[in-house]
Amino acid sequence: MERETALNFVKPQLTEHRYEHTLGVMETAISLAKKYGGHEKKAEIAAIFHDYAKFRPKEEMKQIIIEQNFPQDLLDFNAELWHAPVGAYLTKKEAGITDEEILNAIRYHTSGRPGMTLLEKIVYLADYIEPGRQFPGVEEVRQMAAENLDQALIKAVQNTIMFLMKKNQQVYPETFHTYNDLIRQWKDGLNG
Ligand code: DGI
Ligand code: FE
Ligand code: FE
């Protein structure tokens with residue numbers, strides 16, 4: 001799908017702020033793909049659609065999670081997590097995008113998962129560091145992303161978990177599994 005077509009597809013689904021965020025994620029994902037040898041076109045499309053479902057009514061997202069038999073434990077955790085798997089589903093259903101690598105990058109952009117692909121890592125990190133993001137610690141992760149994709153990703157996941165814990169929010173187990181898997185791979189890399 002052409003960039004303009006994809007952007008015109010998502011724009012009516014998003015607020016102005018979220019659309020600007022999406023453009024930032026797109027630019028950042030493409031530049032990370034260039035730097036780390038990822039697929040630039042897939043990074044572009046995955047980034048454009050990553051928050052496609054962000055503003056769907058909770059009830060609609062809940063129904064999709066039930067009917068499509070997505071992990072049912074999602075329903076026990078913050079509804080902010082739902083737009084990622086539901087976004088992958090609707091991107092396929094409504095925009096006709098069938099590339100599983102792209103759909104997985106959308107599906108796992110909030111929690112990550114163990115064994116993330118390069119494209120999944122690129123979209124997760126681009127979402128975290130795009131130029132419109134301003135939270136504490138983001139500059140450090142931006143600098144790390146210029147050097148080492150995995151280390152930047154570990155920092156981003158750590159920051160996310162600590163941010164949630166400081167606010168006394170639950171952490172979705174998949175987010176911890178992502179963190180543990182990245183640490184394990186990083187340590188294996190040092191030893192092996
Ligand atoms: O959609 P974005 O705001 O661009 O970013 P996102 O999809 O990475 O995260 C959306 C929200 O989900 C954000 O406010 C943090 C929250 N979140 C991320 N991981 C977890 C989580 N919330 C819970 N409860 N548990 C998680 O593991
Ligand atoms: Fe998101
Ligand atoms: Fe986002």
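Is aspartate 51 buried or exposed? I checked this before anything else: aspartate 51 is buried, with a relative accessible area of 2%. Note to self: I am working from a predicted model.

**Entry: the iron ion (ligand 2)**

I looked up the donors here and found Asp51 (OD), His83 (NE2) and His109 (NE2), at 2.1 Å. Along the sequence I wrote the donor spacing down as D-x31-H-x25-H. I then placed two of these donors: aspartate 51 sits in the loop between helix 3 and helix 4, and histidine 109 in the loop between helix 6 (100-107) and helix 7, so this pair ties together parts that are 58 residues apart in sequence. Histidine 109 is buried too, at a relative accessible area of 3%.

**Entry: the iron ion (ligand 3)**

For this ion my list reads His21 (NE2), His50 (NE2), Asp51 (OD) and Asp127 (OD), at 2.1 to 2.3 Å. The chain pattern I noted is H-x28-H-D-x75-D. Histidine 21 belongs to helix 2, while histidine 50 is in the loop between helix 3 (40-49) and helix 4 (58-67), so these two tie together parts 29 residues apart in sequence. I looked up accessibility for both histidines: histidine 21 comes out buried at 4%, and histidine 50 is buried at 0%.

What links the two ions? Aspartate 51 coordinates both, and I have the iron ion (ligand 2) and the iron ion (ligand 3) down as 3.6 Å apart.

**Entry: aspartate 127**

I went on to aspartate 127, another donor to the iron ion (ligand 3). I found aspartate 127 in helix 7, and its relative accessibility of 9% counts as buried. Its side chain makes a polar contact with the side chain of histidine 50, at 3.2 Å. Setting aside neighbours within four places in sequence, I listed its contacts as His21, Val25, His50, Asp51, His109 and Arg133.

**Entry: salt bridges**

How many salt bridges are there? My count is 16.

I started with aspartate 51 again, which forms one with arginine 18, the closest N and O atoms being 3.0 Å apart. Arginine 18 is in helix 2 and aspartate 51 in the loop between helix 3 and helix 4, so the pair ties together parts 33 residues apart in sequence. Both partners are buried.

Next I looked at glutamate 80 with lysine 54, where the closest N and O atoms are also listed as 3.0 Å apart. This pair links distant parts of the chain, with glutamate 80 in the loop between helix 4 and helix 5 (83-95) and lysine 54 in the loop between helix 3 and helix 4, 26 residues apart. Glutamate 80 is partly exposed, with a relative accessible area of 46%.

Then came glutamate 120 with arginine 113, for which I noted 2.6 Å between the closest N and O atoms. Glutamate 120 is buried, at a relative accessible area of 2%. I also found one network, in which salt bridges that share partners join Arg3, Glu27, Lys41 and Glu44.

**Entry: nonpolar core**

Which residues touch the most other members of the largest nonpolar core? Of its 61 residues, I have Phe49 and Leu125 down for that. I followed up phenylalanine 49: leaving out neighbours within four places in sequence, its contacts are Met1, Ala6, Phe9, Val10, Thr91, Ala95, Ile97 and Ile106. As background, nonpolar side chains tend to be buried together in soluble globular proteins.

**Entry: helix 9**

I finished with helix 9 (residues 149-166), which has 18 residues. From first C-alpha to last it reaches 26 Å, close to the 26 Å expected at 1.5 Å a residue. At its N-terminal end, asparagine 148 acts as the cap, with a side-chain oxygen 3.0 Å from the backbone nitrogen of aspartate 150. Just after the helix, I noted that asparagine 168 takes a positive phi of about 55 degrees.

Which residues of helix 9 are buried? I wrote down Leu149, Ala152, Leu153, Ile154, Ala156, Val157, Asn159, Ile161 and Leu164. The elements covering them include helix 2 (16-36), helix 7 (118-129), helix 8 (138-145) and helix 10 (173-191). Two of these had already come up in my iron notes: helix 2 holds histidine 21, and helix 7 holds aspartate 127.

Notes: Residues numbered from 1 in each chain as written. Chains lettered and ligands numbered in written order. Predicted model: local features only at pLDDT ≥ 70, side-chain atom pairs only at ≥ 80, totals over all residues. Heavy atoms only, no water. Helix = DSSP H or I, 4+ residues; strand = E, 2+ residues; numbered from the N terminus. Expected span 1.5 Å × (residues − 1). Buried < 20%, exposed > 50% of the residue type's maximum accessible area, 1.4 Å probe, protein only. Contact = heavy atoms within 4.5 Å. Polar contact = N/O pair within 3.5 Å; in protein donor to acceptor, adjacent residues only side chain to side chain. Donors = N, O, S within 2.8 Å, 3.2 Å for Na, K, Ca; no water. Core = buried A, V, L, I, M, F, W, Y, C linked by side-chain atoms within 4.5 Å. Salt bridge = Lys/Arg side-chain N within 4 Å of Asp/Glu carboxyl O.
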